There are 2 protein chains.
Amino acid sequence: MHRPGTFNLDDPMARLNEPGPAKTAGQVARGTAKSPTDALPSWNEGRTKRSIIEFVERVTAHSGPDFVAPSQRIAVFDNDGCLWAEQPMYSQLAFAIDRVKALAPEHPEWRAKEPFASLLKGDLKSALAGGEHAAAEIVAVSHAGMTTDAFQRAVREWTRSAQHPKLKRRYVELVYRPMLELLRYLRANSFKTFIVTAGGVEFVRTWAEDVYGIPPEQVVGSVGKQKFELRSTGPVLVRLPAVDFVDDKAGKPVGIQRFIGRRPIAAFGNSDDDLEMLQWTAAGEGARFVLLVHHTDAEREWAYDRDSHVGKLDKALDEARMKGWAVASMRDDWNTIFADPPRA
Amino acid sequence: MHRPGTFNLDDPMARLNEPGPAKTAGQVARGTAKSPTDALPSWNEGRTKRSIIEFVERVTAHSGPDFVAPSQRIAVFDNDGCLWAEQPMYSQLAFAIDRVKALAPEHPEWRAKEPFASLLKGDLKSALAGGEHAAAEIVAVSHAGMTTDAFQRAVREWTRSAQHPKLKRRYVELVYRPMLELLRYLRANSFKTFIVTAGGVEFVRTWAEDVYGIPPEQVVGSVGKQKFELRSTGPVLVRLPAVDFVDDKAGKPVGIQRFIGRRPIAAFGNSDDDLEMLQWTAAGEGARFVLLVHHTDAEREWAYDRDSHVGKLDKALDEARMKGWAVASMRDDWNTIFADPPRA
């Protein structure tokens with residue numbers, strides 16, 4: 001996935017089948033051994049894994065009643081908590097907070113203005129006491145006024161260096177190995193894989209191709225206003241401090257229709273924020289597959305669902321049980337959580 | 001391109017290499033004979049055709065200095081006037097006018113309200129006297145309140161039957177054969193081809209795959225607001241009477257960044273409304289290709305540029321000459337204009 005002239009994020013995809021370094025907690029294997037031809041070796045044998053494979057075999061069987069033409073094999077994945085870790089906060093917020101700290105010398109007024117004042121004092125809890133509004137303001141202010149090119153450079157610089165405070169890995173190394181295998185397995189069966197995230201589309205696109213093998217044009221996300229300007233140095237696109245579209249909850253089916261233009265046949269999420277996307281996918285005609293990632297592994301990752309502040313999973317879990325959607329328990333279904341760390 | 005369960009528009013792509021029926025004016029060959037291995041047989045030999053082929057050879061030459069990785073071979077095409085005819089009015093407006101007429105019995109109030117009153121009296125000129133605003137209102141009102149599924153059915157029904165008043169062909173048969181060849185030639189060289197249109201994205205997506213071989217997710221266009229609703233019959237997306245994003249002029253680079261997320265290396269347009277898209281494409285680093293289709297053939301299609309109401313080409317023509325962009329003269333560069341009509 002390395003493109004000339006761009007930063008190579010030590011693509012975890014490329015390393016899936018290589019012998020890794022000594023295993024850390026996240027890599028300790030659980031469950032049964034896999035055959036070498038298994039496309040999903042990090043998934044334990046059982047109902048969840050079987051349901052994935054049975055669905056793919058049904059829609060790809062040329063003579064079967066559930067055959068779906070390749071052009072219609074659209075699979076959508078939530079990002080935070082589904083493809084990579086989302087605790088204790090969404091990575092884009094961590095990026096925005098780091099941007100605010102870096103930009104603070106140019107903004108003395110922030111020392112007297114919340115949520116920036118608390119943030120700059122290191123009091124994250126007070127800074128985020130304003131909830132989603134405070135977080136959105138931090139993100140909007142820290143991203144505005146940049147050209148798209150400068151924004152991409154800033155994100156690349158950050159993903160190259162910033163580390164998760166607890167796991168001591170770079171954020172782009174917090175991707176789930178079973179989900180990377182699943183993405184690759186679906187693509188090998190002519191699925192087109194899309195991310196559908198509440199995160200900023202430009203943030204996720206910067207690294208999604210290196211990390212997931214998903215090109216920019218297959219990332220659907222929240223969109224900020226931008227403006228085209230002809231400068232003396234040439235044309236630029238400038239980010240404005242205003243949100244144009246929020247790709248979350250009931251916005252996810254709208255985002256799918258807007259960006260992709262047809263209904264997916266498979267959808268993967270992990271929280272109530274994905275519920276409408278899963279409903280929209282499940283309600284289409286023909287074979288459908290819907291799966292929730294359930295965070296049940298306090299030892300290797302985190303365990304949270306109905307009462308969680310980030311990634312709350314309550315109504316969608318009930319609906320999954322009622323409608324027979326697949327639920328992947330991290331503890332029971334995944335023998336490995338994280339993709340291998342990059343070679344030092 | 002026929003998908004199970006959807007309407008087959010007698011894909012002109014599939015017919016490109018078949019012997020067609022007796023030629024009509026649009027099919028009369030001009031210029032020199034082509035070799036059977038020529039990927040662009042409807043293009044006359046000359047500077048324009050040569051510039052296309054030279055560009056493609058440069059960016060695909062593995063060992064050359066201008067090589068571009070396949071994932072970055074993004075080519076964008078305006079639709080109206082670039083891929084199909086746009087005179088005397090954009091086809092989506094023709095569709096909307098037909099919708100207004102069909103819906104009129106349910107809307108007695110339209111008989112006293114412009115632009116609908118004039119429209120229903122058959123006085124198109126007065127109806128459109130309000131310019132873009134009147135046209136936009138006709139489009140918005142005639143499309144609102146429908147579910148996305150119902151809208152797609154209405155467009156399919158219309159494309160199957162409605163005829164262009166002058167050319168006496170269905171609108172989907174007004175596509176330019178040289179441009180179909182060009183789309184196919186680029187795709188054969190691992191380009192990903194996108195439409196970037198001021199037209200409604202849902203309108204164009206309904207037939208773009210059948211007609212151009214371009215899937216819905218590769219159509220960028222103007223976007224109306226939509227709402228997700230859980231009805232007793234299941235979830236639906238409903239079109240609201242409000243425009244969310246206008247993918248025209250300076251909006252085109254914004255739309256490209258929003259939907260595709262990376263800068264194209266080739267762009268094709270035909271009017272001043274495409275100028276910013278062409279500037280944005282041309283200003284990227286590395287090899288670039290920019291082409292204007294110039295409507296110069298009053299005999300086989302139309303001849304118009306600087307003074308035209310629809311598809312005005314003035315500033316962009318000057319900039320093309322100044323910057324050395326390619327300009328395809330329909331009269332001189334194309335030996336055939338339209339793709340073959342469908343087999344009766």
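The following questions and answers concern a predicted model and the contact between its chains A and B.

Student: How many residues does chain B give to the contact with chain A, and how many does chain A give?

Tutor: The model is predicted, and totals for interfaces use all residues. Chain B and chain A meet in a contact that takes residues from both. The number is 41 residues from chain B and 41 residues from chain A.

Student: What area is buried between chain B and chain A?

Tutor: The size of an interface is often given as the accessible area lost when the parts come together. Here carbon and sulfur atoms give 53% of the buried area. On the side of chain B, Glu217(B), Phe228(B) and Arg258(B) supply 20% of what that chain buries against chain A, more than any other three residues. The area buried between the two chains is about 3500 Å².

Student: How many residues of each class, nonpolar, polar and charged, are on the side of chain B that touches chain A?

Tutor: Between the chains there are 18 residue pairs in polar contact. Elements giving two or more residues to this side of chain B include helix H7 (148-161), strand S2 (192-200) and helix H10 (251-259). By class, this side has 19 nonpolar, ten polar and twelve charged residues.

Student: Which two chains does the salt bridge between Lys192(B) and Glu217(A) join, and is Glu217(A) buried or exposed?

Tutor: The side chains of Lys192(B) and Glu217(A) meet at 2.9 Å, N to O. Lys192(B) lies in strand S2 of chain B and Glu217(A) in the loop between helix H9 (201-212) and strand S3 (219-231) of chain A, so the pair joins two chains, B and A. Because buried means under 20% relative accessible area, Glu217(A), at 8% relative accessibility, counts as buried.

Student: Where in chain B are Lys249(B) and Asp273(B), and which of them is buried?

Tutor: The two side chains meet in a salt bridge of 3.3 Å, N to O. This pair links distant parts of the chain: Lys249(B) is in the loop between S4 and H10, and Asp273(B) in the loop between strand S5 (266-269) and H11, 24 residues apart. Lys249(B), at 35% relative accessibility, counts as partly exposed. With a relative accessible area of 19%, the buried residue is Asp273(B).

Student: Which residues have the most contacts inside the largest nonpolar core?

Tutor: In soluble globular proteins, nonpolar side chains tend to be buried together. The largest nonpolar core of this model has 98 residues. Those with the most contacts inside it are Met179(A), Leu182(A), Tyr212(A) and Phe268(A).

Definitions and conventions
Residues are numbered from 1 along each chain as its sequence is written. Chains are lettered from A and ligands numbered from 1 in the order in which they are written. This is a predicted model: local features need pLDDT of at least 70, side-chain atom pairs count only at pLDDT 80 or more; totals for chains, interfaces and linings use all residues. Side-chain values use heavy atoms; hydrogens and water are left out. Contact means heavy atoms within 4.5 Å. Buried area is the accessible area (1.4 Å probe) that two parts lose on being put together, summed over both. A polar contact is a pair of N or O atoms within 3.5 Å; within protein, one must be able to donate a hydrogen and the other to accept it, and residues adjacent in sequence count only if both atoms are side-chain atoms. Helices (H or I, at least four residues) and strands (E, at least two) are DSSP runs, numbered from the N terminus. Ala, Val, Leu, Ile, Met, Phe, Trp, Tyr, Cys and Pro count as nonpolar, Asp, Glu, Lys and Arg as charged, and the others, Gly among them, as polar. A nonpolar core is a set of buried Ala, Val, Leu, Ile, Met, Phe, Trp, Tyr and Cys residues joined through side-chain atoms within 4.5 Å. Buried means under 20% relative accessible area, exposed over 50%, partly exposed in between (1.4 Å probe, protein chains only). A salt bridge is a side-chain nitrogen of Lys or Arg within 4 Å of a carboxyl oxygen of Asp or Glu.
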